[in-house]
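Here's a quick tour of one chain, going from a single residue to a helix pair and then out to the whole fold. Have the viewer open as you read.

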Amino acid sequence: MPIPIEALEVAAYTIPTDEPESDGTLQWDSTTLVVVHVQAGGQIGMGFTYCHASAAKVVDDKLRTVTVGSDGLSVERNFQGMWRRVRNMGRPGIASCAISAVDIALWDLKARLLSVSLIDLLGGVRDRVAIYGSGGFTSYDIFKLKQQLCGWQAQGISQFKMKVGRQPDADLQRVAAAREAVGPEARLFVDANGAYDIKQALTLGAQFCDLGVTWYEEPVSSDNLSGLKLLRERSPAPLEIAAGEYGYDVFYFRQMLENEAVDVLQVDMTRCGGVTAFMKANTLCEAFSVPLSAHTAPALHAHVGCCSPAVRHVEYFHDHVRIEGMLFDGVPELEQGTLAPDRSCNGHGMTLRMKDAERFRIPY
């Protein structure tokens, strides 16, 4: 029997960072969270995306008419309806983030209607998923960088990612300091956010590899597929090229894989179309024999990370870990560098603490 969706609510919140942050190509001092709630059959599902507040406007103006009144159990049908609804406004970017938030809420709702956890609804292939600590912003001095990495290490994390690219001449010194802080056995990743040109990226990649770096994220723009492929072919073998976080649909991921642009594909369910699209991206990765890494939003990615055979790990991103701890109940707990969904809770198990979030609420 269909269970019609009775209501949809959306809100946007802007949360200041704990200090100004930057990477190779961007600076910021706040993060905006767009949260969607859907209601059916006495249950409420919740989803969110990290995006501009205009995504909330898209949910309100375009996606509400697709979802309200539809069957709360028919998530794929809703996904296709939302996909068609935004066709003429441009699917990538804001619209895809809006779809992601609604889709995540719909999957949470369906699991709650069926009285199961999301991991059990999707079908888990593992009980826990590995994470890596992610931050090391270019705005940090070397003392702050080391402090953050050592703090994660004390929590049992053994994989770490730092930002590079804002001052290329200083990057080797910063990476060497990070290596000194975490020791020779830890896995060290760098993320340039597309800041380098190809020759720079080749030169620095070899030097990073000498410092034991094994992951080279967006050394050039993720839109430069030929450049990424060249770096894959010419970089030292231990160094993996990673990109894909700006993929807003499965067609983008297929193009990246067909062009042999990455050793590891990054997928962000808060951008690419939610749980529905993430699981399709996993199937693509399996078909191309390329591992998948979930980008940011660790509390949400814990469930799909445990249900996706291609997933290697989830990014434990500083800003999002902080926000999820501040504003949500039911966040999966970190244990020895892994996250495990709570199977005793229905859905993804998370709820927004409305009173705590209200002071950050903004108009859209």
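## Leu 114 and its contacts

Skip the neighbours within four places in sequence, and Leu 114 is in contact with Leu 73 and Leu 121. Keep in mind that this is a predicted model. The Leu 73 partner sits 41 residues away in sequence, yet the C-alpha atoms of Leu 114 and Leu 73 are 9.0 Å apart.

You'll find Leu 114 in the loop between α3 and α4 (118-122). Its relative accessibility is 42%, so Leu 114 counts as partly exposed, falling between the 20% limit for buried and the 50% limit for exposed.

## How α1 meets α3

Now for a helix pair: α1 (residues 54-67) packs against α3 (residues 94-113) at about 55°, and the axes are 9 Å apart. That angle makes α1 oblique to α3. The crossing of α1 past α3 is right-handed.

On the α1 side, the contact uses Ser 54, Ala 55, Val 58, Val 59, Leu 63 and Thr 67. From α3 come Ile 94, Ala 95, Ala 98, Ile 99, Val 102 and Leu 106. Sorted by type, the residues of this contact are 10 nonpolar and two polar, with no charged ones.

## The chain as a whole

Zooming out, the chain has 14 helices and 16 strands. Its C-alpha atoms fill a box of roughly 60 × 40 × 40 Å along the principal axes. The radius of gyration is 20 Å, which agrees with the value near 21 Å for a compact globule of 364 residues.

As for burial, 58% of the 364 residues count as buried. Among contacts with a separation of 6 or more, 73% link residues 24 or more positions apart.

Notes
Residues are numbered from 1 along each chain as its sequence is written. This is a predicted model: local features need pLDDT of at least 70, side-chain atom pairs count only at pLDDT 80 or more; totals for chains, interfaces and linings use all residues. Side-chain values use heavy atoms; hydrogens and water are left out. Axes are lines fitted to C-alpha atoms, for helices over the stretch in contact, and angles run from 0 to 180 degrees between N-to-C directions. Helices (H or I, at least four residues) and strands (E, at least two) are DSSP runs, numbered from the N terminus. Angles under 35 degrees count as roughly parallel, over 145 as roughly antiparallel, 65 to 115 as roughly perpendicular and the rest as oblique. A crossing is left-handed if the near helix is turned anticlockwise from the far one by less than a right angle, and right-handed if clockwise. Contact means heavy atoms within 4.5 Å. Ala, Val, Leu, Ile, Met, Phe, Trp, Tyr, Cys and Pro count as nonpolar, Asp, Glu, Lys and Arg as charged, and the others, Gly among them, as polar. Buried means under 20% relative accessible area, exposed over 50%, partly exposed in between (1.4 Å probe, protein chains only). The radius of gyration is taken over C-alpha atoms; the globule rule is 2.2 Å times the number of residues to the power 0.38.
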